[in-house]
Amino acid sequence: MGDELKSAYELAMEKLRRKDKAAEAAAPKKLTAKQKEKIAGIRREVGAKLAEREILFKAEMREARGNVEQVAKIEDAYRRDREHFLARQEERIREVREGKAS
């Protein structure tokens, strides 16, 4: 391949091969049935925790009605809890996908 001149077709084909290799390396791996089951379990668990937290949030909001400061604190805590649950869910799912979860 040293000093040979290549046609535009050959250059284009080489470029496509390089792109295919890069895409293949970056493509997500297919999940096993066990991994899919674990991911579904994680999503169910987090969904249940979020539903439980939402019920608690609504009850706290009813109690704090009229107290603007308390309402703001409750809303902030609820937002943080949701973000935490969802971030932890993504972390756990990533671990399962990478095969690191037991």
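At 45% relative accessibility, Glu83 counts as partly exposed, and its salt-bridge partner is a good place to start reading this predicted model. That partner is Arg79, with the closest N and O atoms 3.2 Å apart. Arg79 is partly exposed as well, at a relative accessible area of 38%. Both residues sit in helix α3, four residues apart, so about one helical turn separates them. The pair also belongs to something wider: Asp76, Arg79, Arg80 and Glu83 are linked in a network of salt bridges.

Further along, Glu91 and Arg88 bring their side chains together in a salt bridge, 2.9 Å from N to O. These two are three residues apart in α3, so here too the separation is about one helical turn. Glu91 comes out partly exposed at 32% relative accessibility, and Arg88 is partly exposed at 35%.

Now for a pair with a buried member. Arg53 forms a salt bridge with Glu60, and the closest N and O atoms are 3.7 Å apart. Arg53 is buried, with a relative accessible area of just 8%, while Glu60 counts as partly exposed at 27%. Altogether, the count comes to 11 salt bridges. Here are the three pairs described so far:

| Salt bridge | Closest N to O distance |
|---|---|
| Arg53 and Glu60 | 3.7 Å |
| Glu83 and Arg79 | 3.2 Å |
| Glu91 and Arg88 | 2.9 Å |

Arg53 leads us to helix α2, where it is one of the buried residues. This helix has 31 residues and reaches 45 Å from its first C-alpha to its last, close to the 45 Å expected at 1.5 Å a residue. Which residues of α2 are buried? Besides Arg53, they are Gln35, Ile39, Ile42, Val46, Leu50 and Phe57. And what covers them? The cover includes α3.

Several of those residues turn up again in the largest nonpolar core, which is made of Ile39, Ile42, Val46, Leu50, Ile93 and Val96, six residues in all. Both α2 (33–63) and α3 (68–98) supply at least two residues of this core. The largest share, four residues, comes from α2. Apart from this core lies another one, of five residues, with Phe57, Ala64, Val71 and Ile74 among them.

Take a closer look at Leu50, one of the residues in the six-residue core. Leaving aside residues up to four places away in sequence, Leu50 touches Arg82, Phe85 and Leu86.

Finally, there's Gln35, a polar entry on the buried list. Gln35 lies in helix α2, and it is buried, with a relative accessible area of 15%. What does its side chain reach? The backbone oxygen of Val96, at 2.9 Å. Val96 is itself part of the largest nonpolar core. Once residues up to four places away in sequence are set aside, Gln35 touches Lys30, Val96, Arg97 and Gly99.

Notes:
Residues numbered from 1 in each chain as written. Predicted model: local features only at pLDDT ≥ 70, side-chain atom pairs only at ≥ 80, totals over all residues. Heavy atoms only, no water. Core = buried A, V, L, I, M, F, W, Y, C linked by side-chain atoms within 4.5 Å. Buried < 20%, exposed > 50% of the residue type's maximum accessible area, 1.4 Å probe, protein only. Contact = heavy atoms within 4.5 Å. Salt bridge = Lys/Arg side-chain N within 4 Å of Asp/Glu carboxyl O. Polar contact = N/O pair within 3.5 Å; in protein donor to acceptor, adjacent residues only side chain to side chain. Expected span 1.5 Å × (residues − 1).
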